[in-house]
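Thanks for coming, everyone. I'll put the structure up and then walk through it.

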Amino acid sequence: MGLKDQILDDMKAAMRAQEKQKLSVLRMVKSTLMNKEIDKGEDLDEEEILQMLNTLVKQRKDSADQYSKGGRPELAEAEMAEIEIIAEYLPASASSEDIEAAVALAISESGASTMKDMGSVMKLAREKLSGKTVDGKAVSDAIRSKLS
């Protein structure tokens with residue numbers, strides 16, 4: 001079963017179980033998915049769906065951070081609850097050890113020695129971490145610490 005089918009099935013189950021928050025989040029995910037498919041003109045593949053889900057999680061993290069800074073903890077908690085629901089459909093996150101290992105391997109393979117090589121190292125490290133949810137900022141920070 002693909003991600004799209006799983007989301008639709010879970011949406012139906014949430015409807016039957018009357019889980020209002022989960023249903024609301026899954027409807028938003030479905031809506032975003034449908035809009036992306038309309039823009040593209042065809043169905044999204046699994047990689048594109050994962051990318052869309054990662055974008056939704058990142059947006060919610062940014063919103064939660066802004067709400068926290070603005071003194072609105074109840075809204076930040078709501079955003080974090082949405083992240084938990086969306087994250088169920090994402091692969092496991094890369095650990096900091098995985099990121100460090102991928103960055104070290106990418107640096108050795110590319111022969112990078114300065115910050116000018118950061119782009120090529122970043123690309124190689126992301127390839128090494130494919131199949132896992134990766135925080136680009138964490139990878140970037142790891143590369144900076146190794147190359148500086």
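Leaving aside its neighbours within four places in sequence, which residues is Lys22 in contact with? They are Ala14, Ile85, Glu88 and Tyr89. Contact here means heavy atoms within 4.5 Å.

Some ground rules. This is a predicted model, where local features need pLDDT of at least 70, side-chain atom pairs count only at pLDDT 80 or more, and totals for chains, interfaces and linings use all residues. Residues are numbered from 1 along each chain as its sequence is written, and side-chain values use heavy atoms, with hydrogens and water left out.

Back to Lys22. Lys22 lies in helix 2. Helices are DSSP runs of H or I with at least four residues, strands are runs of E with at least two, and both are numbered from the N terminus. Lys22 is partly exposed, at 21% relative accessible area. The cut-offs: buried is under 20% relative accessible area, exposed is over 50%, and partly exposed is in between, with a 1.4 Å probe and protein chains only. From Lys22 to Asp5 the C-alpha distance is 16 Å, with their positions 17 residues apart in sequence.

Now the whole chain. It has seven helices and zero strands. Along the sequence the pattern reads α-α-α-α-α-α-α. The C-alpha atoms fill a box of roughly 55 × 40 × 25 Å along the principal axes. Of the 148 residues, 29% are buried. Take contacts between residues at least 6 apart in sequence: 57% of them join residues at least 24 apart.

Surface next. The chain exposes about 9200 Å², and carbon and sulfur atoms supply 50% of that. Areas come from the Shrake-Rupley method with a 1.4 Å probe; for residues, only the protein chains shown count as cover.

Charges. There are 22 positive and 28 negative, and their mean positions are 3 Å apart. Lys and Arg count as positive, Asp and Glu as negative; His and the chain ends are not counted. Each charge is placed at NZ of Lys, CZ of Arg, CG of Asp or CD of Glu.

On to the cores. In soluble globular proteins, nonpolar side chains tend to be buried together. A nonpolar core is a set of buried Ala, Val, Leu, Ile, Met, Phe, Trp, Tyr and Cys residues joined through side-chain atoms within 4.5 Å. The largest one here has 20 residues, and Val29, Leu53 and Ile86 have the most contacts inside it. Helix 1 (3-17), helix 2 (20-40), helix 3 (46-69) and helix 4 (73-87) each supply at least two of its residues. Not counting neighbours within four places in sequence, Val29 is in contact with Ile7, Met52, Leu53, Leu56 and Ile86. There is also a second, separate core of 16 residues, including Ala102, Val103, Met118 and Leu129.

Look at helix 4. Its 15 residues reach 21 Å from first C-alpha to last, close to the expected 21 Å at 1.5 Å a residue. That expected span is 1.5 Å times one less than the number of residues. Which residues of helix 4 are buried? Ala76, Glu79, Ile83, Ile85 and Ile86 are. The cover over them includes helix 2 and helix 3.

Later in the chain, Leu124 is in helix 6 (residues 118-128). Leu124 is partly exposed, at 22% relative accessible area. Setting aside neighbours within four places, Leu124 is in contact with Ala106, Glu109 and Ser110. Its C-alpha is 8.6 Å from that of Leu105, 19 residues apart along the chain.

Ser140 is in helix 7 (residues 136-147). Is Ser140 buried or exposed? Ser140 counts as buried, because its relative accessibility is 12%. Beyond residues up to four places away, Ser140 touches Met118 and Met122.

Two loops to check. Asp117 sits between helix 5 (96-110) and helix 6. Asp117 is partly exposed at 25% relative accessibility. Its C-alpha is 11 Å from that of Ser148, 31 residues apart along the chain.

Gln18 is in the loop between helix 1 and helix 2. Its phi is near 55 degrees, a positive value in a residue other than glycine. Most residues other than glycine have a negative phi. Gln18 is exposed, at 66% relative accessibility.

Last one: Lys20, in helix 2. Lys20 is exposed, at 71% relative accessible area. From Lys20 to Arg126 is 36 Å, C-alpha to C-alpha, and 106 residues in sequence.
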